[in-house]
Amino acid sequence: MSDNNLLSPNSAPHSDVEDIKRSSNYLRGNLRETLEDRITASIPEDDNRLMKFHGSYMQDDRDLRNERNKQKLEPAYQFMLRVRAAGGVVTPDQWLMMDSLSERYGNGTIRLTTRQSFQLHGLLKWNLKQTIKEVNDSLLTTIAACGDVNRNVMCNPNPYQSEIHEQVYAWASELSKHLEPRTLAYHEIWLDGEKVESSPSKEEQQEQEPIYGAVYLPRKFKIGVAVPPSNDVDVYSQDLGLIAIVEDSKLQGFNVTVGGGMGMTHGDTHTYPQVGQLIGFCRPEQVVELAEKTVTIQRDYGDRAVRKHARFKYTIDDRGIDWFIEELTKRLGWSLEDARPYHFEHNGDRYGWVKGSDGRWHYTLFIQNGRIKDEDDYLLKTGLREIAKVHSGDFRLTANQNLIIGGVTSYKKKKIDELVQKYGLSDGANYTALRRNSMACVAFPTCGLAMAESERYLPSLLDKIEPLLQEVGLAEEDIVIRMTGCPNGCARPALAEIAFIGKAPGKYNMYLGGGFTGDRLSKLFKENIGEAEILDSLSAIIKHFAADRRAGEHFGDFVIRSGYVKEVRSGLDFHA
Amino acid sequence: MVLQVTNSPFNEEQVELLNRLLPGLNDAQRVWLSGYLTAMLGTAAVEAAPIATAAASQTVTVSTAASAIPTTSEPSSEVQVVAPVSKEVTVLYGSQTGNAKGLAQQLSRRLEGEGFQVATVSMGDLKPNQLKKIERLLLLVSTHGEGEPPDAAISFYEFLHSKRAPRLDGLEFSVLALGDTSYEFFCQTGKDFDQRLEELGGKRIAERADCDVDFDEAATEWMNQVLAALNAGLGAGSDTTVHANMSQVTGDQASGNSSAYSRTNPFKAEILENLNLNGRGSERETRHIELSLEGSGLQYQPGDCLAIYPENHPQLVQDILEAMGWSGEEFVTINKNGEQKPLRDALLTHYEITVLTKPLLIQVAALTGNAQLQELVQPGHEAELKSYLNGRDLLDLIQDFSLLGYAAQEITSILRKIPPRQYSISSSPTAYPDEVHITVRTVSYESYGRARYGVCSTQLAQRAEVGDYLPVYIQQNDHFRLPDNPDTPIIMIGPGTGVAPFRAFLGEREETGATGKSWLFYGDQHFTTDFLYQIEWQRWLKDGVLTRMEVAFSRDTAEKVYVQHRMLEHSREVYEWLEEGAVIYVCGDEKRMAHGVHATLLQIIEREGGLNAEQAVEYLARLQQGKRYLRDIY
């Protein structure tokens with residue numbers, strides 16, 4: 001272990017977050033006390049760092065920040081709570097619980113995330129405990145939804161191959177469970193569990209977190225499972241990607257990719273988005289061990305000094321893929337097999353009713369930017385609540401922030417279809433294909449990292465791009481378009497055919513050329529531009545695309561062939 | 001001394017008669033005559049008051065007095081009363097907002113100017129055994145809420161009305177009562193004292209004066225009468241002096257500082273800042289207003305109040321003008337000096353038009369002869385009257401009783417002058433030199449189908465803009481002060497805008513480097529939007545200027561939580577602080593808060609001190625007497 005970065009008291013300089021984790025006594029910190037403090041709706045930054053491991057962190061309504069300061073009021077502090085479900089599968093009762101919590105304690109909306117989780121926004125500190133308790137009562141959890149641990153395990157919700165989904169989903173759940181932190185802090189703080197009186201000894205600590213240890217991982221860690229031909233989970237964006245290999249309707253195992261990740265920092269070319277590299281194949285029963293060892297390698301070798309250089313992708317790029325495979329093989333005691341052939345066709349969702357191989361029906365709804373709320377002319381939230389009351393199957397959150405009403409029997413289909421009609425719940429058919437393939441992160445007003453608008457802005461930008469497409473007859477052309485308010489990449493913009501990453505209010509970096517199947521990174525096209533220039537640029541390229549595209553050629557491929565941007569196959573070339 | 005025309009005010013004939021009479025009188029006869037003449041003067045002085053020159057008043061006094069002689073009682077008994085040479089007078093006041101105190105000080109100065117030895121004492125400082133020794137007592141007291149005495153007067157009030165009260169035979173007294181005719185028990189405390197002093201054997205030397213919120217004229221009148229009576233009773237002082245003072249409108253010195261600006265001459269203070277302290281989505285609006293005192297010479301201490309002369313709502317004035325068919329351009333006379341103003345202006349700035357009072361209704365009934373109105377003000381209809389007065393204004397009166405057709409002057413001459421509004425100052429003068437801050441909750445509600453607005457609060461919220469000027473003066477509030485000793489712990493209980501003076505307290509303690517512990521209890525409806533001055537308390541907590549803070553937000557939880565609950569949660573520590581000598585301050589709403597806090601304090605003292613209910617009451621009363629339980633409630 002002499003050449004690794006695992007933090008010890010004598011080790012090299014490390015980031016302040018490492019100190020916070022180390023002294024937190026397994027994620028306890030002073031949370032109990034600071035949550036009780038009635039003078040402020042905030043918690044100290046140190047505790048907020050720990051809070052993430054519990055599935056929540058502090059935000060404030062940035063629209064009101066200056067106004068409230070003048071009013072001698074602290075910022076409108078509130079908490080985002082992320083509720084995790086492996087593969088995004090929940091029961092109707094769990095849906096109703098989320099719906100109710102959002103009304104009682106949140107801002108009345110539910111956000112479906114790009115990692116198949118729920119987010120509640122606008123929770124006040126004093127309501128967190130009750131909210132988390134109710135989440136756990138319904139057998140969902142928030143632990144490890146954020147923080148330097150393995151996050152929600154994504155899994156293709158596959159409405160077509162029912163029996164394959166069942167098998168793949170079972171492994172995703174297994175992975176999720178196995179990599180969950182074991183600390184009792186979560187129970188103590190939120191669920192009135194017994195408080196551990198004395199500090200555990202070092203041996204006991206190892207016992208307490210056998211995989212993570214006392215300082216957890218250097219950064220977040222993401223796992224996603226794709227089932228070809230759909231790459232909806234953007235398997236190449238995952239730290240550890242698993243591609244299900246199915247033969248004769250049976251799951252044979254998984255191709256393995258490592259070292260993907262989206263985040264970067266504006267102006268720092270040492271940071272970049274990266275696509276995962278394919279390193280081999282494992283059998284289903286090997287996948288848990290594979291994941292655990294991969295996590296421990298990142299635990300031991302990830303950079304704990306510089307957080308923006310701490311993701312797994314940098315560990316691999318810095319040391320080389322061969323080093324990683326060697327280290328992994330050493331830890332596993334066995335080698336991966338050669339990767340098997342597979343083929344992706346797209347990374348978007350397919351909408352409307354489909355029948356699964358088990359005879360059950362699935363209805364995929366288009367949810368604009370994943371936001372479940374009622375509007376005057378679109379009672380989405382109410383409609384879903386009414387459906388949940390009669391539904392006997394499940395709800396599946398997709399990786400594109402959409403929702404599948406899954407496992408509907410033929411008998412129930414009529415009733416649910418009536419409700420779908422009654423509330424006009426959209427399968428996206430009334431929108432352009434561009435909008436159906438759009439994603440935006442939350443950004444303003446709640447996200448503390450946002451530099452520009454995203455969720456609140458993309459729909460209106462689309463309103464202006466759509467006529468350009470309609471004009472040239474491309475309204476039904478699937479083009480993946482994504483926007484984020486900062487370069488951390490929550491909506492995975494680096495894999496989109498058209499992407500916008502916020503720089504400042506009203507200003508975006510525009511990227512082009514991501515692969516339609518999510519296998520290729522996009523490339524900076526124009527820097528720091530406003531709406532007028534965005535539309536001007538796009539208008540010209542879209543016209544060009546309509547005129548000169550080859551048969552079946554996707555927009556992302558076209559812009560590379562036409563020389564608008566260079567092809568980027570590795571993050572190392574992203575800034576080149 | 002031989003009288004001559006040149007060295008006396010008499011003519012030749014009078015000089016001759018007097019020179020024949022006086023040298024032959026023995027001592028007893030001289031004393032008798034002296035008392036006799038003075039008594040005559042006492043009766044005449046009242047009638048003589050408006051007369052401007054000393055010479056003229058003499059003539060009137062003597063001639064009127066002459067006709068009054070036959071009715072006076074046996075003269076020799078009067079001699080016993082006036083004989084002592086002592087000129088000691090006790091001016092005793094019970095003050096809540098400082099008006100009674102200000103008037104007491106004004107009266108004392110006038111008495112001293114007349115050569116009296118004056119003791120000016122707050123009721124809160126008067127020891128019961130001193131009462132018996134007082135010979136002349138001038139008592140000034142205000143009334144609050146449902147006819148209740150000021151806090152500092154409660155002990156004395158209860159003592160005087162108890163069986164332990166001593167006989168006060170031989171005491172000469174007069175009472176000035178302050179109150180507000182818009183309340184049912186108008187001047188009740190003053191009335192009670194007046195009646196009780198008489199029951200105990202006191203002799204009233206001047207009739208009690210009951211003053212409404214616009215008290216200046218009535219109070220001056222009462223002082224004139226009191227001075228005249230005292231001078232007459234002593235047979236001392238020349239009537240020239242008395243009359244000279246009587247004709248003079250004395251400047252109010254309630255502010256107790258050397259500024260040229262006062263209640264009667266308010267300073268026009270520029271608005272420097274005017275913002276809403278309540279965040280978006282609040283059901284409340286609370287204005288934080290910063291005013292400039294630069295160049296005014298006005299000074300204040302933490303605990304003082306700022307009084308503002310407000311303006312009525314232009315829309316209400318317009319509605320009244322329209323309902324009465326007045327143009328608003330017509331001039332009306334607004335005071336006894338004959339000063340005139342255009343009607344609209346007078347209704348905006350001079351008259352009270354948002355509150356109805358019983359005296360107003362009586363006068364309108366007399367003016368109009370309206371049978372319904374006359375019945376309403378008859379005895380036996382009190383409940384009905386109270387219910388009518390509540391929540392109605394002049395416009396209602398005009399509409400309900402069809403007053404259309406009366407001339408503007410007929411109506412305005414029976415209106416009260418608009419009273420100034422007082423607000424606890426929320427700034428420390430040390431922290432903000434030349435500035436004064438107030439914290440004003442906007443009052444608006446609906447009543448009888450029409451939106452109603454708090455006169456001053458709405459003006460401040462809707463019309464007063466930065467750069468505008470407001471007429472203000474400082475209302476001293478000596479019973480609500482930081483402890484002299486900077487090490488003394490303080491407990492401050494101030495929900496809502498009641499927190500205002502505590503911002504001044506902490507600002508002052510920060511500036512002066514006071515080291516005493518401090519503990520603030522604050523509450524309102526919602527944490528997110530209604531936590532007034534939140535970031536300032538947070539800073540003071542961080543810097544140690546504020547030791548502890550408890551908050552209660554009543555509408556954030558299913559069960560309503562108030563400051564009292566937080567006090568009980570920390571019952572033991574509150575009691576420990578009291579035992580360590582802490583001063584406890586309560587500021588804010590009386591009915592809904594202060595009573596509850598009072599009961600909670602008793603509960604804490606009982607529980608933590610192992611006392612029974614009676615002992616707890618005594619404990620708290622001792623704190624009050626020791627000026628360690630101070631309230632500024634409204």
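**Exercise 1. Locate B:S296 and describe its surroundings.**

Step 1. In this predicted model, B:S296 sits in the chain B loop that joins strand 8 (286-292) to strand 9 (305-308). Strands here are DSSP E runs of at least two residues, helices are H or I runs of at least four, and both are numbered from the N terminus.

Step 2. Check accessibility: B:S296 is buried, at a relative accessible area of 4%. Buried means under 20%, exposed over 50%, and partly exposed in between (1.4 Å probe, protein chains only).

Step 3. Look for partners. A polar atom of the B:S296 side chain lies 2.9 Å from the backbone nitrogen of B:L298. Leaving aside residues up to four places away in sequence, B:S296 touches B:S259, B:A260, B:Y261 and B:F267, where contact means heavy atoms within 4.5 Å.

A note before going on: residues are numbered from 1 along each chain as its sequence is written, and chains are lettered from A in the order in which they are written. Local features need pLDDT of at least 70, side-chain atom pairs count only at pLDDT 80 or more, totals for chains, interfaces and linings use all residues, and side-chain values use heavy atoms, without hydrogens and water.

**Exercise 2. Work out which parts of chain B helix 23 (residues 590-609) are buried, and what they pack against.**

Step 1. Start at the N-terminal end, which B:D589 caps: one of its side-chain oxygens lies 3.4 Å from the backbone nitrogen of B:K591.

Step 2. List the buried residues: B:E590, B:M593, B:A594, B:V597, B:T600, B:L601, B:L602, B:I604, B:I605 and B:E608. It helps to recall that an α-helix has 3.6 residues a turn, so residues three or four places apart point the same way.

Step 3. Find their neighbours in chain B. The buried residues of helix 23 pack against several elements, including helix 22 (571-579), helix 24 (613-625) and strand 21 (629-633).

Step 4. Finish just past helix 23, where B:G610 takes a positive phi of about 60 degrees.

**Exercise 3. Place A:C490 in chain A and decide whether A:C490 is buried, partly exposed or exposed.**

Step 1. Consult the record: an unreviewed UniProt entry gives A:C490 the feature "binding site". Such annotations may be inferred rather than shown by experiment.

Step 2. Place the residue: A:C490 lies in the loop between strand 19 (481-484) and strand 20 (498-504) of chain A.

Step 3. Read off the accessibility: A:C490 is partly exposed, with a relative accessible area of 48%.

Step 4. Name the contacts: beyond four places in sequence, A:C490 touches A:T114, A:C441 and A:T484.

Methods. Polar contact = N/O pair within 3.5 Å; in protein donor to acceptor, adjacent residues only side chain to side chain.
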